[in-house]
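Me: I would like to learn how to read the packing and the charge pairs of a model like this one. Could we go through it feature by feature?

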Amino acid sequence: MTGYRTPARLFHWIVALLVLATIPAGQIMIQDGLSRPVQNALFIFHKNVGVVILLVVLARLAYRQVVPPPPLPLSVPEWQRRVAGLNHAALYGLLIFMAVTGYLRVRAGGFPIEALDALGLPTLVPRSEALEAWAKAAHWWGRIALVAVIALHVAAAAWHGLVRRDGVMARIWPPVAR
């Protein structure tokens, strides 16, 4: 098999779409002058979609342990293979980091995470201004790193799909009926 299996493709594109929705929502929700109802809706969306992203990323990592990704074509140079591996590791690591720092910022600030509260899950951290401040800063810097890593990932995909046309992009393309 040269391409990813359908579950891996679904995991990839679900995470991609959710992340691409939460980044602008997160940026807009902290703007000055935003009406409180709009801001609250964006905060609720951002927090709860963050929970979904974490769950899908963890499911995808578990799936990868059972069904490893297919190897890159032999035409891809070794340095690109290493960079791709580092990029994927950074993506997974940063997505988990963003979920954890987002959780810490919200919970240490004494705020709800509606999806977790609805499930009856307890708060795992105490209210703490220091922890909230640290997590807020870490989440902000993590966002910068995540956007940079996503940009590199998209640029590499576009290069393989549009310039090289070597089949690398087609391996993960959404599983649609043909």
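Me: Leaving aside its neighbours within four places in sequence, which residues is L95 in contact with?

Reply: This is a predicted model, in which local features need pLDDT of at least 70 and side-chain atom pairs count only at pLDDT 80 or more, while totals for chains, interfaces and linings use all residues. Residues are numbered from 1 along each chain as its sequence is written, and side-chain values use heavy atoms, with hydrogens and water left out. Contact means heavy atoms within 4.5 Å, and on that basis L95 is in contact with V15, V19, I53, V57 and L146.

Me: Which residues touch the most other members of the largest nonpolar core?

Reply: A nonpolar core is a set of buried Ala, Val, Leu, Ile, Met, Phe, Trp, Tyr and Cys residues joined through side-chain atoms within 4.5 Å, where buried means under 20% relative accessible area, exposed over 50%, and partly exposed in between (1.4 Å probe, protein chains only). Among the 20 residues here, V15, V19, I53, V57, L95 and L146 touch the most other members.

Me: How should I read a salt bridge, and where do R107 and D117 lie?

Reply: Side chains of opposite charge can pair when their charged atoms come close. The criterion is a side-chain nitrogen of Lys or Arg within 4 Å of a carboxyl oxygen of Asp or Glu. R107 and D117 meet in this way at 2.7 Å, N to O. Since R107 lies in helix α3 and D117 in helix α4 (residues 114–118), the pair ties together parts that are 10 residues apart in sequence; helices are DSSP runs (H or I, at least four residues), numbered from the N terminus.

Me: Is R107 buried or exposed?

Reply: R107 counts as buried, at 6% relative accessibility, whereas D117 is partly exposed at 35%.

Technical notes: Helices (H or I, at least four residues) and strands (E, at least two) are DSSP runs, numbered from the N terminus.
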